Amino acid sequence: MYEKRIRKTYNIEPSVYEDMGNYLKKAGVEDKASFVRKAIDFYINYLRVNESVDFIAPLINDVIKNNLNYFETNMSEMLFKVAVEVSKQNITLARAAEFSYDERKEINKEACKVVSENNGILDYENAFYYYGDDD
């Protein structure tokens, strides 16, 4: 739909006026009035997009925060369950074995060394490598 135009007069620097003439073809227009209208439309759309970004950015931030909170909650619950299982194993072992204070201290030192050497990644095969037969 073609909207009726109104005539307005604005002041512009001579260098900008000259640049307009140089960029008519590149802008895809034939006269400076069309160039100005196109430039104004472009800038208005640019401002609208920024308003949209200002509206959308906090929403995206909230979604990411909620997802991270959900992940954190699930991870915390899993770590708690693992800690309970490890604690049960430690209690069972402590009741079954009679280690001296020095032996417990040495076991702790060795466990810290093994975990740090493997970046905390231990598996069944590593246990045999460190503590059991190599067969």
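The charged end of Lys 32 sits over the ring of Tyr 17, 3.7 Å from the ring's centre. That is a nice place to start looking around this structure, which is a predicted model.

The two residues belong to a wider meeting of helices. Tyr 17 lies in H1 together with Met 20 and Gly 21, and these meet Lys 32, Phe 35 and Val 36 in H3. By class, this contact of H1 with H3 has four nonpolar residues, one polar residue and one charged residue.

How do the two helices run relative to each other? Helix H1 covers residues 14-22 and helix H3 covers residues 32-96; their axes come within 10 Å and cross at roughly 100°. An angle from 65 to 115 degrees counts as roughly perpendicular, so H1 and H3 are roughly perpendicular to each other.

Now follow H3 to its tyrosines. A search of the whole structure finds one aromatic pair. Tyr 43 and Tyr 46 form that pair, and their rings are stacked, with 5.9 Å centre to centre and 20° between the planes. Both tyrosines lie in helix H3, three residues apart, which is about one turn of the helix.

Are these two rings' residues buried or exposed? The table gives the answer for each.

| Residue | Relative accessible area | Class |
|---|---|---|
| Tyr 43 | 47% | partly exposed |
| Tyr 46 | 44% | partly exposed |

Partly exposed here covers the range between buried, under 20%, and exposed, over 50%, so Tyr 43 at 47% falls in between, and so does Tyr 46 at 44%.

Conventions: Residues are numbered from 1 along each chain as its sequence is written. This is a predicted model: local features need pLDDT of at least 70, side-chain atom pairs count only at pLDDT 80 or more; totals for chains, interfaces and linings use all residues. Side-chain values use heavy atoms; hydrogens and water are left out. Axes are lines fitted to C-alpha atoms, for helices over the stretch in contact, and angles run from 0 to 180 degrees between N-to-C directions. Helices (H or I, at least four residues) and strands (E, at least two) are DSSP runs, numbered from the N terminus. Angles under 35 degrees count as roughly parallel, over 145 as roughly antiparallel, 65 to 115 as roughly perpendicular and the rest as oblique. Contact means heavy atoms within 4.5 Å. Ala, Val, Leu, Ile, Met, Phe, Trp, Tyr, Cys and Pro count as nonpolar, Asp, Glu, Lys and Arg as charged, and the others, Gly among them, as polar. Rings of Phe, Tyr and Trp (its six-membered ring) pair if their centres lie within 6.5 Å; planes under 30 degrees apart count as stacked, over 60 as edge-to-face and the rest as tilted. Buried means under 20% relative accessible area, exposed over 50%, partly exposed in between (1.4 Å probe, protein chains only). A charge sits over a ring if NZ of Lys or CZ of Arg is within 6 Å of the ring centre and within 35 degrees of the ring normal.
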